[in-house]
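Me: I would like to go through the labels attached to this model and ask, for each of them, what it rests on.

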Amino acid sequence: MELTEQQLKQFDGSDSSKPIYVALKGRIFDVTTGKSFYGPGGSYCMFAGKDASRALAKMSKNEEDICASLAGLSEKEMGVLNDWEKKFEAKYPVVGTVV
């Protein structure tokens with residue numbers, strides 16, 4: 001499945017009949033099983049329906065960091081992002097890509 005960033009926003013947990021998706025480095029993960037974290041009111045709900053690559057790399061929940069851009073990230077931040085990617089791969093299925 002391929003989704004645009006705009007289409008991805010539909011999977012933010014606000015509609016309980018739809019799964020919750022978070023993208024990382026352009027790959028979309030179905031994080032519905034983690035809805036206590038990614039669903040409404042969850043500690044990571046701001047990432048739902050978005051590509052959270054930059055925010056996860058920077059360990060940030062700031063709105064301006066919740067985007068796909070990896071520009072200007074340090075080697076350490078890229079390492080943090082790669083660690084997050086491994087955690088997501090171990091826990092959640094990949095269901096598509098952001099185009």
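The exchange below takes up a few labels on this predicted model one at a time.

Me: Why is the pair of F11 and Y21 called stacked?

Reply: The planes of the two rings stand at 25 degrees, with the centres 4.5 Å apart; since centres within 6.5 Å make a pair and planes under 30 degrees apart count as stacked, the label follows for F11 and Y21. Both residues are buried.

Me: What makes the pair of Y44 and W84 edge-to-face?

Reply: Here the centres lie 6.3 Å apart, which is within the 6.5 Å limit, and the angle between the planes is 75 degrees, which is over the 60 required. Y44 lies in the loop between helix 2 (35-38) and helix 3 (53-58) whereas W84 belongs to helix 4, so the pair ties together parts that are 40 residues apart in sequence.

Me: Why is W84 counted as buried and Y44 as partly exposed?

Reply: W84 has a relative accessibility of 15%, and buried means under 20%, so W84 qualifies; Y44, at 25%, falls between that limit and the 50% above which a residue is exposed.

Me: How do you know that the charged end of K61 sits over the ring of Y44?

Reply: The charged end of K61 is 4.9 Å from the centre of the ring of Y44, and the distance limit is 6 Å, with a further condition on the angle to the ring normal; K61 is listed as sitting over the ring.

Me: Why is there no disulfide between C45 and C67?

Reply: Their sulfurs are 17 Å apart, too far for a bond, because a disulfide needs them within 2.5 Å; the count is zero.

Conventions: Residues numbered from 1 in each chain as written. Predicted model: local features only at pLDDT ≥ 70, side-chain atom pairs only at ≥ 80, totals over all residues. Heavy atoms only, no water. Phe/Tyr/Trp six-rings, centres within 6.5 Å; stacked < 30°, edge-to-face > 60°. Buried < 20%, exposed > 50% of the residue type's maximum accessible area, 1.4 Å probe, protein only. Helix = DSSP H or I, 4+ residues; strand = E, 2+ residues; numbered from the N terminus. Lys NZ or Arg CZ within 6 Å of the ring centre and 35° of its normal.
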